[in-house]
Amino acid sequence: VKIVYTPLHGTGAMHVEKVLGDLGLEVITVPEQREPDGNFPTVEKPNPEEKPALTLAVELGKKEKADCIMATDPDSDRFGTAFPDKDGNFVLLSGNQMGALLVDYIITAYKETNTMPHNPYVVKSIVTSELAAKICAANGVKMHNVLTGFKFIGEVIKNYEKTGDGSFLFGFEESYGYLKGTYARDKDAVVTAMLICEMTAFYKACGMTLSDALAALFQKYGFCLEQNVEIYMEGLEGPARMAALMDGLRNNPPREFGGVAVTLVGDYGKGTITENGEVRPTGLPSSNVLYYRLANGDVIVARPSGTEPKIKFYYMLEADNRANAEEKLASYQKTLNALSEN
């Protein structure tokens, strides 16, 4: 497996090169971005979630015919990766897609080696892909949904450690954060790099890229589209407008999105989940988050930013193919736009 890697002028090179080198892997680090530099001279934003940050890595990856391009953010906790498609163009996988691939691979590896630990579980945030939940359900692995933030994933691990009855397989968030192992309580890009190299080698031995592996997951579980939409409310009136929109969604929950009925409403501020007229507790700490599940299984989550004047809407949709999923997204967004204008 040939790897092209960039630490994006951050701290990752020393650690990622060491870990992968000890495994005997060939790692080619982007020379212009290897040394730490707080001015980040070669990128507008040193963010592995954004394709422009990987421009130099992609150029080098094409030249070297790499199997995988990896990027760690400056403090080396978030991790981005791109893989060649059938035409040799590198495709950046989303955090949701990579998380689902890793969950599936980890479960597969344990099963094929007959080493699945007792009472296995995975933890993800409530704004993260439902594809991973489907994979866990199909394999008898418990899935925990928590609020956004790795401290909540760490809390689940801690609670299991108190009882001694459970085995942590993996934790992840859609924002490119992953954790394998219980040595830490935060996302870790270094071990993620090792794990993705292992997974890449596994699929390469099967004659597949990770793009092929993702397509196989969609074939088995159905196509999944995750999309974040941000509504900015700037200016002096911004905070009041944000509060008014959240209050409206909370006090008068929409009955439908795009003509599809809402069947479950989670109000994590009040700590309640309402389904079929019955109310039950969320079991999670209070947070200003609203969660809607539709009759067709699609999920829409509303969450105000704590640092910017915007409300983030997370769409987690299922469909036969991308075109149908994008059509549903446009329809749901029309409903949301109408609600935000009232």
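**Exercise 1. Find what stands opposite alanine 71 in β4, then work out how β3 sits among its neighbours.**

Step 1. In this predicted model, look across from alanine 71 and you land on glycine 80 of β4.

Step 2. Now check the direction of that pairing. β3 and strand β4 (residues 79-84) run antiparallel, joined by four bridges.

Step 3. Turn to strand β1 (residues 2-6). It runs parallel to β3, again with four bridges. Here threonine 6 has alanine 71 as its bridge partner.

Step 4. Look at the link between β3 and β4. Their hairpin has six residues between the strands, and serine 76 takes a positive phi there, near 60 degrees.

Step 5. Finally, test the two faces of β3. Cys68, Met70 and Thr72 are buried on one side, and Ile69 and Ala71 are buried on the other. With a cut-off of under 20% relative accessible area for buried, five of the five residues of β3 (residues 68-72) qualify, so the strand is largely enclosed by the rest of the structure.

**Exercise 2. Describe how helix α1 packs against helix α6.**

Step 1. Start with the geometry: the axes of α1 (residues 12-22) and α6 (residues 189-205) come within 9 Å and cross at roughly 35 degrees. The crossing is right-handed.

Step 2. Then list who meets whom. α1 brings His15, Val16, Val19 and Leu20, while α6 answers with Val190, Ala193, Met194 and Cys197.

Step 3. Sort these residues by character: seven are nonpolar, one is polar and none is charged.

**Exercise 3. Work out the strand order of the open four-stranded sheet and say which strands stand at its edges.**

Step 1. The order is β7-β6-β8-β9, with mixed pairing.

Step 2. β7 (142-146) and β9 (177-179) each have a single partner strand, so they stand at the edges with one side left without a neighbour in the sheet. On average, neighbouring strands here are turned by 15 degrees against each other, direction ignored.

Step 3. Zoom in on one pair: strand β6 (residues 120-125) and β7 are parallel over five bridges. Lysine 124 has asparagine 145 in β7 as its bridge partner.

Step 4. Add the helices. α3 lies across β6, β8 (167-173) and β9, at about 165 degrees to β8. Helix α5 (residues 150-163) packs on the sheet too, touching β6, β7, β8 and β9, and its direction makes about 170 degrees with that of β8.

Step 5. Round off with α3 (residues 95-112) itself: its 18 residues reach 25 Å from first C-alpha to last, close to the 26 Å expected. The helix is mostly covered, with 14 of its 18 residues buried.

Methods
Residues numbered from 1 in each chain as written. Predicted model: local features only at pLDDT ≥ 70, side-chain atom pairs only at ≥ 80, totals over all residues. Heavy atoms only, no water. Buried < 20%, exposed > 50% of the residue type's maximum accessible area, 1.4 Å probe, protein only. Helix = DSSP H or I, 4+ residues; strand = E, 2+ residues; numbered from the N terminus. Pairing = 2+ DSSP bridges. Axes fitted to C-alpha atoms, helices over the stretch in contact; angles between N-to-C directions. Left-handed = near helix turned anticlockwise from the far one by under 90°. Contact = heavy atoms within 4.5 Å. Nonpolar A, V, L, I, M, F, W, Y, C, P; charged D, E, K, R; others polar. Expected span 1.5 Å × (residues − 1).
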